Amino acid sequence: MSALPGFIAMALILALSKIPALSGLSEVFDLLIGALPVVIAVIAAKQVSELDEVSIVAGVIAGVLSVGGGIIGGMIAGILAGGVMVRILFRKFVEWRFPMTTVNIAAGGIAGLFSGLLVYYFIAPIALFIGDGIKQLIELAVDFNPILAGTIAGVLIWPAIIGGVYHAAILPIVLLEMERTGNSFLGAVDMVGLVMVAAGINLANIIRPRDKGEAAVAVPGFLINLGFGTFVESATHLCFRANGFSLELFYLGGDRWCISWLF
């Protein structure tokens, strides 16, 4: 979740680069693609270590060296740097009575360098293979039978939502898909099955509210649903009282369309 703004920035640049007058932004998109493993590594290092600045520096160094491994390589590098090497080196340098400034410099630099080199030479090819394999599996499923692929996605997403692990289970796969192409099949399923349904619930309560208070509450949720593709929880208190009908039609490419409706 913490890394999602980086992927959104990438997606916005990708969308803008499709405008003929802004086609030069495709080079910016390529730069952002390369920066994503660094973002992941920094966040991973920060979250698994209690040492703020030191872990961030270690994550940056490790992330730069793990770009070849994609976001999986960046995540592994960040965890190794912040969760393993920084702690070990920091403790050792303190025990050896290094000056505190030296401890920070050495722990952050060496931890990031060691973790990054480990990923660069050994883990990156494996991480890239796994990431590409997941994306290719999803692409094969969609090419084979889009309806079957959507059904399987729905079957997987539903228990993840009920179990409260949706973001932990589905979001990483969405980010893997976005890593190379800027778009995601599972992300589209999320948009159609969750966000647009929430927008439909909000819209129904704007058009025919039970009272004026419901319409006032539904407007911000509806605008955020459409503008940012999030805030599904805005419809929670309205979903059992929605009155109206919402229909969404999405173009998925080629001859494939997806329809979502709400009574």
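**Helices, ring pairs and enclosed space in a predicted chain**

Tyr120 is partly exposed, with a relative accessible area of 48%, where buried means under 20%, exposed over 50% and partly exposed in between (1.4 Å probe, protein chains only). The place of this tyrosine is in helix α5, and its C-alpha atom is separated by 5.4 Å from that of Ser66, although Tyr120 and Ser66 are 54 residues apart along the chain. The structure is a predicted model, in which local features need pLDDT of at least 70 and side-chain atom pairs count only at pLDDT 80 or more, while totals for chains, interfaces and linings use all residues. Residues are numbered from 1 along each chain as its sequence is written, and side-chain values use heavy atoms, with hydrogens and water left out.

The chain contains 10 helices and 2 strands, taken as DSSP runs (helices: H or I, at least four residues; strands: E, at least two) and numbered from the N terminus. Along the sequence these elements follow the pattern α-α-α-α-α-α-α-α-α-α-β-β, with the helices leading and the strands at the end. The chain has 263 residues, and 38% of them count as buried. Among the contacts (heavy atoms within 4.5 Å) with a separation of 6 or more, 62% are made by residues 24 or more positions apart.

A search of the whole structure for aromatic pairs finds 4 of them. In one pair, the rings of Phe93 and Trp96 have centres 5.8 Å apart and planes at 55°, so the pair is classed as tilted. In another, the rings of Tyr120 and Tyr121 have centres 4.9 Å apart and planes at 85°, so this pair is edge-to-face. The rule behind these classes is that rings of Phe, Tyr and Trp (its six-membered ring) pair if their centres lie within 6.5 Å, with planes under 30 degrees apart counted as stacked, over 60 as edge-to-face and the rest as tilted. The two partners of the tilted pair fall into separate exposure classes, since Phe93 is buried at a relative accessible area of 7%, whereas Trp96, at 52%, counts as exposed. Tyr121 also counts as exposed, at 56% relative accessibility. Ring pairs further link Phe93 and Trp96 with Phe98 into a cluster.

Empty space was examined next. Rolling a probe the size of a water molecule over the atoms shows where such space is left. On a 1 Å grid over the protein atoms alone, a cavity is a set of points where a 1.4 Å probe fits but cannot get out, a pocket is an open set with protein on both sides within 12 Å along at least five of seven lines, and lining residues have an atom within 4 Å of a point. Grid points are joined across faces, edges and corners, and a volume is the space filled by probe spheres set on the points.

By this rule there is 1 cavity of 30 Å³ or more, and the largest cavity has a volume of about 30 Å³. The lining of this cavity is formed by Gly69, Gly70, Ile71, Ile72, Ala127, Leu128, Gly131, Asp132, Lys135, Leu176 and Glu179. Two or more of these residues come from each of α4 (70-95), α5 (100-144) and α8 (171-181), and α5 supplies the largest share, 5 residues. By class, the lining comprises 5 nonpolar, 3 polar and 3 charged residues, where Ala, Val, Leu, Ile, Met, Phe, Trp, Tyr, Cys and Pro count as nonpolar, Asp, Glu, Lys and Arg as charged, and the others, Gly among them, as polar.

The largest pocket has a volume of about 1200 Å³. Its lining consists of 36 residues, of which Ile8, Asp190, Met191, Phe228 and Gly229 lie nearest the centre. At least two lining residues are supplied by each of α1 (4-17), α7 (166-169), α8, α9 (185-207), α10 (212-228) and β1 (246-253), and α9 gives the most, with 8 residues. The pocket lining divides into 24 nonpolar, 9 polar and 3 charged residues.

Asp190 has its place in helix α9 and is buried, with a relative accessible area of 17%. Apart from neighbours within four places in sequence, Asp190 is in contact with Tyr166 and Val195. Pro172, by comparison, has its place in helix α8 and counts as partly exposed at 36% relative accessibility. With neighbours within four places in sequence again left aside, Pro172 is in contact with Ile71 and His167. The C-alpha atoms of Pro172 and Leu4, which are 168 residues apart along the chain, are separated by 9.8 Å.
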